[in-house]
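Here is a short briefing to read alongside the model. Have the sequence and the 3D view open, and follow the points topic by topic.

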Amino acid sequence: MNSLNEIWQSVMDLISGELTQTAVKTWFSDCTPVEISNNVLVIHTTSDFKRDIIHTRFEELICGALYELFSAPFELKILAGDDELIEYKEKKPSSDDMPELEVYTFDRFVVGPSNKFAHAAAIGAAHNPGKVYNPLFIYGNSGLGKTHLLLAIGQYIRENNPNAVIVYVKAEDFMNQLIRSIQIGAMEAFRQKYRYADLFLMDDVQFIAGKDSTQEEFFHTFNTLYEAGKQIVITSDRPPMEMNKLDDRLRTRFEGGVMADVAPPDLETRMAIIRNKAAQFGMILSDEVISYIAENITSNVRQLEGVVKRLTAYHDILDSTITVESVKRAIKDVIRTGIYIPTPDVIIEETARYYGQTADDLRGQRRSKTTAMARQVSMYLMRNLTNLSLNAIGAEYGDRNHATVLSSIRKVEDLLKTDPKMPGTVQDIMSNINSKN
């Protein structure tokens with residue numbers, strides 16, 4: 001069984017090659033692991049003296065072993081004596097993986113016609129976890145408040161049930177942690193982390209569509225939690241039926257719960273959001289200024305918040321009253337672009353990931369069928385999502401000429417008309433790209 005103790009044993013095996021057996025026995029024989037979470041390993045030893053020795057002589061060695069196991073930097077926390085261990089366990093929060101974000105509460109979520117049902121469903125799940133609203137599937141475009149509702153549920157349950165085990169994870173992180181656990185043989189620890197939660201929160205579940213091993217593991221995690229009556233809340237940028245590569249078993253389970261969409265806010269809701277955000281930053285804006293922003297920033301709550309932040313800085317730097325004219329100057333680039341324009345790197349990386357390739361594969365000379373298709377789709381997306389010329393696009397792929405780029409774009413355009421799967425594929429990749437906004 002691959003537990004925390006076995007991970008610690010792997011660390012000891014690695015550092016033992018650098019130390020004498022006497023040193024290992026002297027300093028680590030009564031040293032035990034307490035927890036490993038969020039790239040921090042907590043261990044316990046019997047005295048302050050031993051803690052000081054481990055900290056000064058062996059901490060770098062231990063963190064190096066952890067890096068070798070997990071391919072990620074780790075910190076080491078050392079508890080000394082029984083009192084510190086008891087105090088740590090008593091004070092340890094129940095939700096290590098959930099961000100400490102006080103702004104994400106129900107009170108600070110501005111409700112309007114576009115999100116009223118999602119807000120009500122989220123409150124229902126928070127008040128009666130694991131009951132009627134389970135699973136709760138919240139979907140909508142990037143920047144409309146899905147994550148706010150997800151974390152508000154967690155904050156409410158944390159405040160009302162401090163002993164609840166709350167796990168929050170982005171789908172992409174779930175996948176990466178699964179891969180790492182398989183590599184180091186720590187699958188049991190991985191499963192214990194997620195399958196013993198009272199509240200399971202997953203953000204951006206669309207990222208696991210098409211990832212067979214991740215979907216398989218998530219399917220069993222979902223079933224374990226659901227059958228135990230635990231609350232599951234999931235967000236996505238689209239409904240399950242529009243996820244081309246989502247496992248049918250997961251699709252039916254998502255659709256078997258409560259699905260709530262979050263749409264772009266109407267004018268009145270946008271104005272309320274701007275007032276709310278301005279108040280949070282200690283700033284009062286005139287009705288004219290609020291109306292101007294709301295009429296020009298129409299589709300993204302996150303962008304509205306960014307505009308208010310920019311105005312706050314503008315006000316602090318210039319120490320002047322915010323007027324419509326000053327707003328025009330301060331946010332002209334936001335209004336001019338209006339939509340998110342992804343970089344070539346993001347387009348290539350997300351297309352490559354969708355096809356199971358790397359960005360270097362698409363930029364290089366590989367000519368396998370999958371690589372060639374991924375390269376052509378990424379060129380098509382780059383042409384449609386950016387203002388780059390054909391020559392500029394070609395330069396992103398090792399100076400391929402404009403004729404090659406044009407041929408690739410036309411091939412994808414033809415497939416969009418003849419291959420019934422291609423529109424869904426392009427939509428999936430575009431959604432993944434837009435979620436990077």
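A residue counts as buried when its relative accessible area is under 20%. S181 has 11% relative accessibility, so S181 is buried. Please keep in mind that this is a predicted model. The points below start from S181, then visit two open sheets, a helix pair and the aromatic rings.

**S181 and its surroundings**

- S181 sits in helix α7, which covers residues 171-184.
- Once neighbours within four places in sequence are set aside, the contacts of S181 are A186, M187 and F190.
- One of these contacts, F190, returns below as a member of an aromatic cluster.

**The sheet of 3 strands**

- Strands β1, β2 and β3 make an open sheet in the order β1-β2-β3, and the pairing is mixed.
- Which strands stand at the edges? They are β1 (32-37) and β3 (75-80); each has a single partner strand, so one side of each lacks a neighbour in the sheet.
- From one strand to the next, the twist averages 20°.
- The mixed pairing can be followed strand by strand: β1 and β2 are antiparallel, with 5 bridges, whereas β2 (residues 40-45) and β3 are parallel, with 6 bridges.
- If you would like residues to click on, I36 has L41 in β2 as its bridge partner.
- On the β3 side, V40 stands opposite E75, and T45 has A80 as its bridge partner.
- β2 is mostly covered, with 5 of its 6 residues buried.
- Helix α1 (residues 4-16) lies across β1 and β2, and runs at about 105° to β1.

**The sheet of 5 strands**

- A second open sheet has 5 strands in the order β5-β6-β7-β4-β8, with parallel pairing.
- Here β5 (166-170) and β8 are the edge strands; each has a single partner strand, so one side of each is left without a neighbour in the sheet.
- Neighbouring strands in this sheet are turned against each other by 15° on average, with direction ignored.
- Strand β6 (residues 199-203) runs parallel to strand β7 (residues 231-236), and 4 bridges join them; in β7, I234 is the bridge partner of M202.
- Strand β4 (residues 136-139) runs parallel to β8, again joined by 4 bridges, and Y139 stands opposite D261 in β8.
- What are the covered and uncovered faces of β8 (residues 258-261)? V258 and A260 form the covered face, while M259 and D261 form the uncovered one.
- Helix α5 (residues 116-127) lies across β4, β7 and β8, running at about 140° to β8.

**Helices α9 and α10**

- Two packed helices are described by the angle between their axes and the distance between the axes.
- For α9 (residues 212-227) and α10 (residues 248-255), the axes come within 10 Å and cross at roughly 35°.
- The crossing of α9 past α10 is left-handed.
- On the α9 side, the contact is made by Q215, E216, F218, F219, F222 and N223; on the α10 side, by R249, L250, R253 and F254.
- Sorted by character, the residues of this contact comprise 5 nonpolar, 2 polar and 3 charged.

**Aromatic rings**

- A pair of aromatic rings is described by the distance of the centres and the angle of the planes.
- The model has 17 aromatic pairs.
- One of them joins F174 and F218 edge-to-face, at 5.9 Å centre to centre and with 80° between the planes.
- This pair links distant parts of the chain, with F174 in helix α7 and F218 in helix α9, 44 residues apart.
- Are F174 and F218 buried or exposed? Both are buried.
- Y354 and Y355 also form an edge-to-face pair, at 5.6 Å centre to centre with 75° between the planes.
- Y354 is buried because its relative accessibility is 9%, and Y355 is buried because its relative accessible area is 18%.
- One aromatic cluster includes F137, Y139, F174, F190, Y194, F200, F218, F222, Y226 and F254.
- The cluster ties several topics together: F190 is a contact of S181, Y139 stands opposite D261 in β8, and F218, F222 and F254 take part in the contact of α9 with α10.

How values were computed. Residues numbered from 1 in each chain as written. Predicted model: local features only at pLDDT ≥ 70, side-chain atom pairs only at ≥ 80, totals over all residues. Heavy atoms only, no water. Axes fitted to C-alpha atoms, helices over the stretch in contact; angles between N-to-C directions. Helix = DSSP H or I, 4+ residues; strand = E, 2+ residues; numbered from the N terminus. Left-handed = near helix turned anticlockwise from the far one by under 90°. Contact = heavy atoms within 4.5 Å. Nonpolar A, V, L, I, M, F, W, Y, C, P; charged D, E, K, R; others polar. Buried < 20%, exposed > 50% of the residue type's maximum accessible area, 1.4 Å probe, protein only. Pairing = 2+ DSSP bridges. Phe/Tyr/Trp six-rings, centres within 6.5 Å; stacked < 30°, edge-to-face > 60°.
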